[in-house]
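Here is a quick tour of a protein–DNA model. Have the structure open as you read, since the stops are easier to follow on screen.

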Protein chains: 2
Amino acid sequence: MAKTGDPAHAATGPALSTLDFALDRGSPVPLYHQLAQQLEAAILLIVLAPGNLLGNEVDLSVRLGLSRPTIRQAIQSLVDKGLLVRRRGVGTQVVHSQVRRPLELSSLYDDLEAAGQGPTTEVVRNETVPAPAEAAAALGLAEGAEVVLLERLRRTHGRPVALLCNYLPSGLLGLDSARLEATGLYRMMRSAGITLHSARQTVGARAATAAEGSRLEEKEGAALLTMQRTAYDDTGRQVEYGTHIYRASRYSFEFQLLVRP
Amino acid sequence: MAKTGDPAHAATGPALSTLDFALDRGSPVPLYHQLAQQLEAAILLIVLAPGNLLGNEVDLSVRLGLSRPTIRQAIQSLVDKGLLVRRRGVGTQVVHSQVRRPLELSSLYDDLEAAGQGPTTEVVRNETVPAPAEAAAALGLAEGAEVVLLERLRRTHGRPVALLCNYLPSGLLGLDSARLEATGLYRMMRSAGITLHSARQTVGARAATAAEGSRLEEKEGAALLTMQRTAYDDTGRQVEYGTHIYRASRYSFEFQLLVRP
DNA sequence: CAGTGGTCTAGACCACATC
DNA sequence: ATGTGGTCTAGACCACTGT
């Protein structure tokens, strides 16, 4: 029915009908993706108001000159991102949370992106060693197989935040320490043609030993965050195992969980 | 070409062609989902070997009597789960990691599922209070608005593991303490028609205060894991804010991160 | 009842990887 | 040159939601 103005649950904004989308069929970017990006932009700029919204898929498809499956593919990608909600028999709505967060997975991203960017990283060790049992198991190698051991100290504002210890299958990657400090591990892996796909992390806490304390400028017994991570590339091969410790006073993990039904 | 037996990169197992799938068009379960489940089962039982596999989509569609989009939808869902990899011009392969993990997001699930199941939970407080600033902000309410405060002590094997403090918008849910101890918070929310969609978590660490130590049977100064979480339902509304502390000696978070390109 | 999204089909053409 | 997945179309019917 769409009465004009129903403040109850239908936030009547500019609505979708007044927006126009620029679709370029000549572009290498898929149409569904072009549409998704422009819808997302409209949502994030709150041109599309939270609450009720989005005409039905059939109308949309004729208005934009696209087939319904293409429209659906675009909408679905935004549903997956948590920006839209679909209800059968009702319609597609812009999610209405006041706090619309960045939504991206972090902590891996912190290291993926920020690695070597904002903070500084000092390579403490970078050598080939026989794999300790823990690393061998995580990487799917025999114990004692050759692996590259990487130990790095990360600082922000000149003060230590984390001590990172990583193991990589030897020969996977050339690891120049200077470039490592400038570029970051994940960026180097990406440049080497390794596309990360997923990672399994375990986060815990414990008290700092005296040695750890002196390296991180904490007292012995101070609370530390610990993290072990195994990272997989897009073929499912283990490409990295890391065991890290963080000063809890200066670092915490923040991330988004999605519940799948 | 598919030479029979190419141990180099094509783990020649029973291959897909020998498997048959039972598709029930009368079932309310979508065909793509039936196919996905059966493929997943075959992969997990290693009937389908890691490495090379899976005939092309067109063949599959004629063999199973389904259209290609339907086949693709099934395959895509397994790609999203990280069980399959697609490469243009190459084909679809079963991911080859020796360690194929449960894959599901945890820690929220720990609480979603295990809540009230294995471990026991004692409700310490369950009352309506004015929202403290932190909880109000997380829930998108005015400071001092009425919220339900829930404080629970969780034990495994009779010994404490965690102290959970939750805030919920008042009126969202009837919260009977006895049922809460037997059923768990998330199960009760689900029964009340609230479908959780996502949550934002922050994990950190700090030393236990004397009071916390005595409640968790730890010494003062022992390392604790801390977690703050805001949970959203499928419409994007905040439905819960929690601030939890865990004995680091008995608990850690484990979870899977997916990297999106 | 009318309107919505959910599923499914049978084609088509293109981009990319490999030989 | 061939075979693969990636994209896209124009329909169809069903299941659910609201009135």
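The notes below go from one helix to the two DNA strands and end with a loop residue.

## Helix 3 of chain B

Keep in mind that this is a predicted model. Let's begin with helix 3 of chain B, which covers residues 68–81. Does its length add up? What span should its 14 residues have at 1.5 Å a residue? The answer is 20 Å, and the end C-alpha atoms are indeed 20 Å apart, so the two agree. Right after the helix sits B:Gly82, with a positive phi near 85°.

The buried side of the story involves B:Thr70, B:Ile71, B:Ala74, B:Ile75, B:Leu78 and B:Val79. Within chain B, the buried residues of this helix pack against helix 1 (31–44), helix 2 (57–64), strand 1 (84–87) and strand 2 (91–94). They also pack against a piece of the other chain, namely strand 6 (196–207) of chain A.

## Around DNA strand C

DNA strand C has 24 residues around it, and the ones that come nearest are A:Arg68, A:Gly89, B:Arg25, B:Leu31 and B:Thr70. B:Thr70 turns up here as well as on the list of buried residues in helix 3 of chain B. Looking at the DNA side, 72% of the strand C atoms within 4 Å of the protein are sugar or phosphate, with bases making up the rest.

Some individual pairs are worth clicking on. B:Ser67 has a polar side-chain atom 2.9 Å from a phosphate oxygen of strand C, while B:Arg68 places one 3.3 Å from a base nitrogen. For B:Arg88, a side-chain N or O atom is 3.2 Å from a sugar or linking oxygen of strand C.

Which element supplies the largest share of this surface? That would be helix 3 of chain B, with three residues. By class, the surface near strand C has seven nonpolar, eight polar and nine charged residues.

## Around DNA strand D

DNA strand D is surrounded by 24 residues, the closest being A:Arg25, A:Leu31, A:Thr70, B:Asn56 and B:Arg68. Of its atoms within 4 Å of the protein, 74% belong to sugar or phosphate and the rest to bases.

B:Arg68 shows up again: an N or O atom of its side chain is 2.5 Å from a base oxygen of strand D. B:Arg72 has a polar side-chain atom 3.0 Å from a phosphate oxygen of strand D. With B:Gly89 it is a backbone N or O atom that lies 3.1 Å from a base oxygen. Helix 1 and helix 3 of chain A, plus helix 3, strand 1 and strand 2 of chain B, each give two or more residues to this surface. Helix 3 of chain A gives the most, with three residues.

A:Thr70, one of the closest residues to strand D, lies in that helix 3 of chain A. Its side chain makes a 3.1 Å polar contact with the side chain of A:Ser67. Setting aside neighbours within four places in sequence, A:Thr70 touches A:Leu31 and A:Tyr32.

## Glu217 in both chains

One last stop, for backbone fans. A:Glu217 has a positive phi of about 60° despite not being a glycine, and B:Glu217 has a positive phi near 60° too. In chain A the residue is in the loop between helix 8 (210–216) and strand 7 (223–233); B:Glu217 is in the loop between helix 8 and strand 7 of chain B.

Buried or exposed? A:Glu217 counts as partly exposed because its relative accessibility is 46%. B:Glu217 is also partly exposed, at 44%.

Note on methods:
Residues numbered from 1 in each chain as written. Chains lettered and ligands numbered in written order. Predicted model: local features only at pLDDT ≥ 70, side-chain atom pairs only at ≥ 80, totals over all residues. Heavy atoms only, no water. Helix = DSSP H or I, 4+ residues; strand = E, 2+ residues; numbered from the N terminus. Expected span 1.5 Å × (residues − 1). Buried < 20%, exposed > 50% of the residue type's maximum accessible area, 1.4 Å probe, protein only. Contact = heavy atoms within 4.5 Å. Near = heavy atom within 4 Å. Polar contact = N/O pair within 3.5 Å; in protein donor to acceptor, adjacent residues only side chain to side chain. Nonpolar A, V, L, I, M, F, W, Y, C, P; charged D, E, K, R; others polar.
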